[in-house]
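Please look over the structure shown below before reading on. The notes after it are meant for a reader who has not met this chain before.

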Amino acid sequence: MEQITVKRGRGRPPKQLQKTPTGVGSTPSAPEFQKPNASNNNSVEGSPNGDIEMLESILPGMSSRRRGRPRKHPLENGSASGFDKPIGQENISGVDPKDLKKMKTERSLESPLRRSSRYTLSSPHSLSDVIRQNANADSVADDVKGSPFMNAVVKVFCVHTEPNFSLPWQRKRQFSSNSSGFIIDGRRVLTNAHSVEHHTQVKLKKRGSDTKYLATVLAIGTECDIAMLTVSDDEFWEGVSPVQFGALPTLQDAVTVVGYPIGGDTISVTSGVVSRIEVLSYVHGATELLGVQIDAAINAGNSGGPAFNDKGQCVGIAFQSLKHEDAENIGYVIPTPVITHFITDYERSGDYTGFPILGIEWQKMENPDLRIAMGMLSTQKGVRVRRVEPTAPAAKFLRSSDILLSFDAIDIANDGTVPFRRGERIGFSYLVSKKYTGEHARVKILRESEYHEFDIELSTHKRLVPAHIKGKPPSYYIIAGFVFSALSVPYLRSEYGKDYDYDAPVKLLDKLLHSMARTEDEQLVVISQVLVADINIGYEDIVNTQVLAFNGVHVKNLRHLADMVENCEDEFLRFDLEYQQVVSFTPCSTIVVLATKKSKEATPDILATHCIPSAISDDLKTI
C-alpha cells in the first residue's frame, strides 16, 4: 500500500498536501513511498485487525470498546446478559418472538453487504436493540465470508529486485512483499502496480488453498497504479467466478474492502462509506486522476484488493492511505472509470499506453480585474494558459495567455472545474483522463478577444525528469572515474531518501518541478559521483551536478554525451557544469578539464578497481 505521510522534523515547516492549479501537465509533489507489506520492513503503522470491524453499540452507563462486539456487562440484578429470566424460559434473548421472526425475514431479503452497512450505522437505544444487533453481527460475518466474490480475492506474493540508481551497474538486494489482487474476466488478475514493481517472481494463492501459482505480468500502468496478471495453470481458474464491476459510487455509499493486510494470513474484511470523490494525487504514479476517499481501514497488504458495494460489485481497488496526526481512517481506492480505462487500453493495443494529457499549465481566473485585463466578458468563464509543453501536440495550437473556455463542448469554470454529477463539480483534467492516447479533443479558446477552436491530439506526458523508468535498468557512462547518469525521481530517492524533495539540491528540484522537456529525447545529465583516481585529482567533491555542455556543445541526453566523448579527438575533454550557488546574478558555470588520451587510458583500471563490468550501460552500447 502506498502511504501518504505528513510529518514534521528538523525544524522544517509541516508538509501540506496541496493541489496546485497547474492542471494536468503539472508534476505533483510525491509524498512518502512505502512498499506493500515488505517482509523486511519492521515498521508497522496502524492496527490491522484481520476480520470485520464493527461499530460499538453504546448505552448509558456502558463503557465502549475500540473493536469487536459490544462488551456484555452484568447489570444490577446480577444477570450476565442483563435480563432477569425465569429458569427454563425458551426465549433467552429477551426479544419478542414476533419481532425476532420479522427481523430474520427482513435480513434474509437483504444482501450481506447491505446488512453490514445497516448494522454499523444504526444507533441502538434499548437493550433489545443491542442483542438484536449482536445477532446481526454474527450473521453478517458469516454471510460476507461465504459470498461468491470472496473466492475471487487472491493473495499476491512478489519478489522484487530494484535497480541501484546510485551504483547503476548493479542491483539492490532482493526482498519480498505480500499484497492483494482479484480475478476478473478473461483469466486475468488485477492488483497494484507498486505491488509488482521491479518483480523477478510473482505468485498467487487463492482463498482456502495451500498452493501458490506462478503468475505472469501482462501490463503495468504506472500512472494509475494498476497491474494485470495471468496464470497459465488451468487449475488456478477452477471453481472461481470473476469479479464484476459496478458504477462509480456516490457519497455515503457503503463499501467493503477485502484483502490480505498485515496482522494475519487469512482474508480480511473492513467496512466503511464513501466520503469524497475528486481528482487526487496518485503517489506511485506521480499524476492526478479520479479517486475515491473512504473511511474503511486500508493497511499494508491491502494494496490491490477490491472494494465492493452492497451488491457485491467491485467499485475500486485499494491503493493508498493518508497517515497524519490530525487524520484517521482516510483511505483511497482507484475507481471503476480508471480501472476500465486501463483494461480497455490494454485490450486495444496489447499493452499499456498511459493516460493522455492536454500538455498545459493553467491559472485560475477568479479575480474580476484579471478577467477584464484578459479581454473576457462578464458572462465568459475559463482558465488562462500559463505555458504549453513544447513536446505536446497542443504546442502547435495554444499559446501563453490563451483563455481555455471549453473542452469537448463542456464549459470550464473560472476555478478550472466542470460539472460532474448532480450537485458536484470536478477538475477539468478528469475530462482529459477519460480519453485514450492518440484521440482528439475539441478545444475552444479566447485569444485577444477572438474565439478559436482547435482539434488537438492528446498524448502521454513527456517529463524532463521522469517519475519512473518503467522496469528498465538505469543508464550510465563512465570516463576517467566520472560517473554520468540521467536524472529521475527514483535516482533522487536513491541518493537522498524518501525526503528527497527537501534534501536534494535546490537546482535539481527546480528542474523536477518546473522545467519542461524541449525535445522528446531530452534528459538532464548529472555527474553522480567521481571514483577517485590520479587522473581526477581536485574533482573528488563533485556530486549530483548537472552537465550543461561538452566542448562547447549543449548536452541533449546521456547518449549524446557518451557519443561525443567516445568520438572526441581534441586534446582535452571539457565539461561545463551548472553553478551550484543558489543565487547567481551572472551566467557562470564550473568546468572540468581532462586530457583526452590519459582519461581513456585510465578508465579500464578504474573500472577494475571498483569491479565495474563495463564503462557504459547496455542500452548505450550501440553508439
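What follows is a short briefing on the chain, arranged by topic.

The model is predicted, and its chain has eleven helices and 28 strands. Of the 623 residues of the chain, 51% count as buried. Among contacts with a separation of 6 or more, 65% are made by residues 24 or more positions apart. The accessible surface of the chain is about 29,800 Å², and 49% of that surface belongs to carbon and sulfur atoms.

**Strand β7 and its partners**

- Strand β7 covers residues 226-231, and six of its six residues are buried.
- In a regular strand, side chains alternate between the two faces of the sheet.
- In β7 both faces are covered, with I226, M228 and T230 buried on one side and A227, L229 and V231 buried on the other.
- Strand β4, made of residues 188-191, pairs with β7 in the antiparallel sense over three bridges, and within this pairing L190 stands opposite M228.
- Strand β6, made of residues 212-221, also pairs with β7 in the antiparallel sense, here over six bridges, and the bridge partner of G221 in β7 is I226.
- The hairpin of β6 and β7 has four residues between the strands, and in this hairpin D225 takes a positive phi near 60°.

**Helix α7 and its surroundings**

- Helix α7 spans residues 489-496, and its residues V489, P490, Y491 and L492 are buried.
- The buried residues of α7 pack against two strands and two helices, namely β23 (482-486), β24 (525-530), α8 (500-503) and α9 (506-514).
- Just after α7 comes G497, which takes a positive phi of about 80°.

**Aromatic pairs**

- The count of aromatic pairs in the chain comes to 15.
- One of them joins F236 and W237 in an edge-to-face arrangement, with 4.8 Å from centre to centre and 90° between the planes.
- F236 counts as buried because its relative accessibility is 0%, and W237 is likewise buried, with a relative accessible area of 12%, since the cut-off for a buried residue is under 20%.
- The rings of F484 and F575 also pair, with their centres 5.3 Å apart, and because their planes lie at 35° the pair is tilted.
- This second pair links distant parts of the chain, with F484 in strand β23 and F575 in strand β27 (residues 572-578), 91 residues apart.
- F484 is buried at a relative accessible area of 0%, and F575 is buried at 1%.
- F484 and F575 also belong to a cluster in which ring pairs link them with Y477, F482, Y539 and F550.

**Charges over rings**

- R348 lies over the face of Y436, at 4.1 Å from the ring centre.
- K444 lies over the face of Y451, at 4.7 Å from the ring centre.

**Where the topics meet**

- Strand β23 appears under two headings above: the buried residues of α7 pack against β23, and β23 holds F484, which pairs with F575 in β27.
- Strand β7 can be viewed together with its two neighbours, as β4 pairs with β7 over three bridges and β6 pairs with β7 over six.

Note on methods: Residues are numbered from 1 along each chain as its sequence is written. This is a predicted model: local features need pLDDT of at least 70, side-chain atom pairs count only at pLDDT 80 or more; totals for chains, interfaces and linings use all residues. Side-chain values use heavy atoms; hydrogens and water are left out. Buried means under 20% relative accessible area, exposed over 50%, partly exposed in between (1.4 Å probe, protein chains only). Contact means heavy atoms within 4.5 Å. Accessible areas come from the Shrake-Rupley method with a 1.4 Å probe; for residues, only the protein chains shown count as cover. Rings of Phe, Tyr and Trp (its six-membered ring) pair if their centres lie within 6.5 Å; planes under 30 degrees apart count as stacked, over 60 as edge-to-face and the rest as tilted. A charge sits over a ring if NZ of Lys or CZ of Arg is within 6 Å of the ring centre and within 35 degrees of the ring normal. Two strands pair if DSSP finds at least two bridges between them.
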